[in-house]
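Here are a few exercises to help you find your way around a new protein. Try each task by yourself before you read the solution.

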Amino acid sequence: MADWEIRAATADDVEPVAEVRAVAMRADLERLGRYDEHRVRQRLRDAFVPAHTWIVELDGVLAGCVALRPEDDAHWLEHFYLAPRAQGRGIGTAVLREVVESADRAGRRLRLDVLRGSAARRLYERHDFTLDHEDAVDVFLVREPRDRRAAADAGARTRSGWFGAGFGTGEGATATS
């Protein structure tokens, strides 16, 4: 696996992240007849919250992001994009594994939506996300924490990881703040 790092996002990351989103989503949006060069970037700008977002860096250069937006019953996994140069290297799988392991420890349900027909859906399903519902464009998935009682006990001991003050690190990853 490639050497990569993850760090907290800042407001200055919005434009590079909007560009990664536009490139990463282009094929799926075009397939659905929904690609608009301005709108794909503006939707990210409108929803970008640095406090909920982490930046993936590959060789010191921004290569992607992931956001976790808290709601009452779950955290929404959003804006999970990797630039083409970072895809197929195990980074997305490693980042998602860290997120779900931290959610398990914290006893938190995860929710997300993915475009219909997107290959990303298989990645999420391999990590125990299941169909909640779908519409003409999006498929909504949910993942319950494994062994909720054990997860609640573990969460009481530590709130570190993606759902606490810091964020996770895994094999091949280094966290920076």
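**Getting your bearings**

Going along the sequence, the pattern is β-α-α-β-β-β-α-β-α-β-β-α-β. Keep in mind that this is a predicted model.

**Exercise 1.** Find how many helices and strands the protein has, and what share of its residues is buried.

*Solution.*
- Start with the elements: there are five helices and eight strands.
- Then turn to burial: of the 177 residues in the protein, 48% are buried.
- For a look at how the chain folds back on itself, take the contacts between residues at least 6 apart in sequence: 63% of these join residues at least 24 apart.

**Exercise 2.** Work out how α1 and α2 are oriented where they pack: roughly parallel, roughly antiparallel, roughly perpendicular or oblique?

*Solution.*
- Locate the two helices: α1 covers residues 14-31 and α2 covers residues 37-47.
- Get the geometry: they pack at an angle of about 130 degrees, and their axes are 8 Å apart.
- Compare with the cut-offs: roughly perpendicular runs from 65 to 115 degrees, and roughly antiparallel needs over 145.
- The angle fits neither class, so α1 and α2 are oblique to each other.
- One more detail is the handedness: α1 passes α2 in a right-handed crossing.

**Exercise 3.** List which residues meet where α1 touches α2, and sort them by character.

*Solution.*
- From α1 come Val14, Glu15, Val17, Ala18, Glu19, Arg21, Ala22 and Leu29.
- From α2 come Val40, Arg41, Arg43, Leu44 and Arg45.
- Sorted out, the contact has seven nonpolar residues, six charged ones and no polar ones.

**Exercise 4.** Explain why the buried residues of α2 sit on the same side of the helix.

*Solution.*
- Pick out the buried residues of α2: Val40, Arg41 and Leu44.
- Check their spread: they cover an arc of only 90 degrees around the axis, so they lie on the same side of α2.
- A general rule helps here: an α-helix has 3.6 residues a turn, so residues three or four places apart point the same way.
- See what lies over them: the cover includes α1 and β4 (75-82).
- Now look at the other side of α2, where His38 and Asp46 are exposed.

**Exercise 5.** Decide whether leucine 68 is buried or exposed, and say where it is found.

*Solution.*
- Place the residue: leucine 68 belongs to strand β3, residues 61-70.
- Apply the cut-off: buried means under 20% relative accessible area.
- Leucine 68 has 3%, so leucine 68 is buried.
- Finally, relate it to tryptophan 54: leucine 68 and tryptophan 54 are 14 residues apart in sequence, and their C-alpha atoms are 8.7 Å apart in space.

Definitions and conventions:
Residues are numbered from 1 along each chain as its sequence is written. This is a predicted model: local features need pLDDT of at least 70, side-chain atom pairs count only at pLDDT 80 or more; totals for chains, interfaces and linings use all residues. Side-chain values use heavy atoms; hydrogens and water are left out. Axes are lines fitted to C-alpha atoms, for helices over the stretch in contact, and angles run from 0 to 180 degrees between N-to-C directions. Helices (H or I, at least four residues) and strands (E, at least two) are DSSP runs, numbered from the N terminus. Angles under 35 degrees count as roughly parallel, over 145 as roughly antiparallel, 65 to 115 as roughly perpendicular and the rest as oblique. A crossing is left-handed if the near helix is turned anticlockwise from the far one by less than a right angle, and right-handed if clockwise. Contact means heavy atoms within 4.5 Å. Ala, Val, Leu, Ile, Met, Phe, Trp, Tyr, Cys and Pro count as nonpolar, Asp, Glu, Lys and Arg as charged, and the others, Gly among them, as polar. Buried means under 20% relative accessible area, exposed over 50%, partly exposed in between (1.4 Å probe, protein chains only). The arc is that of the directions from the helix axis to the C-beta atoms.
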